[in-house]
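Open the model in a viewer and keep the selection panel at hand. The tour moves from the whole chain to single residues.

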Amino acid sequence: PPSSLSAPRNRPEGKVLETVGVFEAPKQHGKYETGQLFLHSVFGYRGIVLFPWQARLYDRDVASPVTEKSENAAGHGSKEVKGKTHTYYQVLIDARDCPHISQRSQTEAVTFLANHDDSRALYAIPGLDYVSHEDILPFSSTDQVPIQHELFERFLMYDQTKVPPFVARDTLCAWQEKNHPWLELSDVHRETTENIRVTVIPFYMGMREAQNSHVYWWRYCIRLENLDSEVVQLRERHWRIFSLSGTLETVRGRGVVGR
């Protein structure tokens, strides 16, 4: 039988648990549609699917018959793997759950450059995330506004004749088309070392000119998972950034910015 999803609500008598939805069977095949409500299986927040992305997942933990050693620009061996198509989703996070996402250094947001070419200003839209297909725990709700986010009613509308009953407005389609270059998720890299699984999603944000040279802007979404029972602590970061021109930039420091 389906199980219910409960969340705390503030009442005069204090916080009480109320049913907010009913879990559905996760999809083993196919993808979730726009308007699908879900609970994140790792971070535990409620969200809703805006649209899917088809990414190439380069999983170095999966043996491949074509895997071979290659030398990178610094002469270090690295495993070459073939990317496999994997579905990720652009989602809205319920604002009520953001304060309780304790496993993250900060609530997820999507950062992008200003539209005009001469500006290096950065903007961010909070409460947006990228979620892998296997992290989706789908549920249904009778609430016509089940997710609290400033973009929910701008992007989606309730239609009881549809399944799921939340459909895209024209504003969502226009927003996706306009901002496709900096929203698109194309490559995902994953590798496990000593029971610590690292997943990295790079995003190309665009190019700006500075002092007669071109500056290329990137952002990264990095997820660390401890697959062991022992407690570990992230103490420092060490970035080795290679460019196609053959240059190497190294960034090293204690802790993580924003933590």
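What follows is a series of stops, each with something to select.

**Before starting**

This is a predicted model, in which local features need pLDDT of at least 70 and side-chain atom pairs count only at pLDDT 80 or more, while totals for chains, interfaces and linings use all residues. Residues are numbered from 1 along each chain as its sequence is written, and side-chain values use heavy atoms, with hydrogens and water left out.

**Stop 1: the whole chain**

Show the chain as a cartoon. It has two helices and 18 strands; these are DSSP runs numbered from the N terminus, helices being H or I with at least four residues and strands E with at least two. Of the 259 residues, 36% are buried. Here buried means under 20% relative accessible area, exposed means over 50%, and partly exposed is in between, with a 1.4 Å probe and protein chains only.

Switch to a surface. About 16,400 Å² of the chain is exposed, and carbon and sulfur atoms supply 50% of that area. The areas come from the Shrake-Rupley method with a 1.4 Å probe, and for residues only the protein chains shown count as cover. Among contacts with a separation of 6 or more, 56% are between residues 24 or more positions apart, a contact being heavy atoms within 4.5 Å.

**Stop 2: strands 14, 15 and 16**

Select residues 187-193, which form strand 14, then add strand 15 (196-210) and strand 16 (213-226). Strands 14 and 15 pair in the antiparallel sense over five bridges; two strands pair if DSSP finds at least two bridges between them. Strands 15 and 16 also run antiparallel, joined by 14 bridges.

Val-198 is a convenient marker in strand 15, where Glu-191 stands opposite it. Val-198 also stands opposite Leu-224 in strand 16.

**Stop 3: the two hairpin turns**

Which residue takes a positive phi in the hairpin of strand 15 and strand 16? Select Gln-211: its phi is near 50°, and this hairpin has two residues between the strands.

Now go to the hairpin of strand 14 and strand 15, which has two residues between the strands. Most residues other than glycine have a negative phi, and most peptide bonds are trans. Glu-194, in the loop between strand 14 and strand 15, has a positive phi of about 50° although it is not a glycine. Glu-194 counts as exposed because its relative accessibility is 76%. Asn-195 lies in that loop between strand 14 and strand 15, with a positive phi near 65°. At a relative accessible area of 37%, Asn-195 is partly exposed.

**Stop 4: the nonpolar patch**

Select Tyr-204, Met-207, Tyr-216, Trp-218, Tyr-220, Ile-222, Leu-224, Leu-234 and Ile-241, which make a nonpolar surface patch of about 850 Å². Patches are made of residues with over 30% relative accessible area and no salt bridge; like charges are joined within 9 Å, and nonpolar side chains (Val, Leu, Ile, Met, Phe, Trp, Tyr) within 5 Å. Strand 16 gives the largest share of the patch, five residues. Tyr-220 lies in strand 16, and it counts as partly exposed because its relative accessibility is 38%.

**Stop 5: salt bridges**

The structure holds eight salt bridges, each a side-chain nitrogen of Lys or Arg within 4 Å of a carboxyl oxygen of Asp or Glu.

Select Asp-94 and Arg-96. Their closest N and O atoms are 2.6 Å apart. Is Asp-94 buried or exposed? Asp-94 is buried, at a relative accessible area of 0%, whereas Arg-96 is partly exposed at 26%.

Next, take Arg-223 and Glu-225, bridged with closest N and O atoms 3.3 Å apart. Both Arg-223 and Glu-225 are buried. Add Asp-135 and Arg-197 to see the network of salt bridges that links them with Arg-223 and Glu-225.

Then select Arg-252 and Glu-236, whose salt bridge has its closest N and O atoms 3.2 Å apart. This pair links distant parts of the chain, 16 residues apart: Arg-252 is in strand 18 (residues 248-254) and Glu-236 in strand 17 (residues 236-242). Arg-252 is exposed at 56% relative accessible area, and Glu-236 is partly exposed at 41%.

**Stop 6: a cis peptide bond**

Finish at Val-163 and Pro-164, where the peptide bond is cis with omega near -5°. Pro-164 is in the loop between strand 12 (156-158) and strand 13 (166-168).
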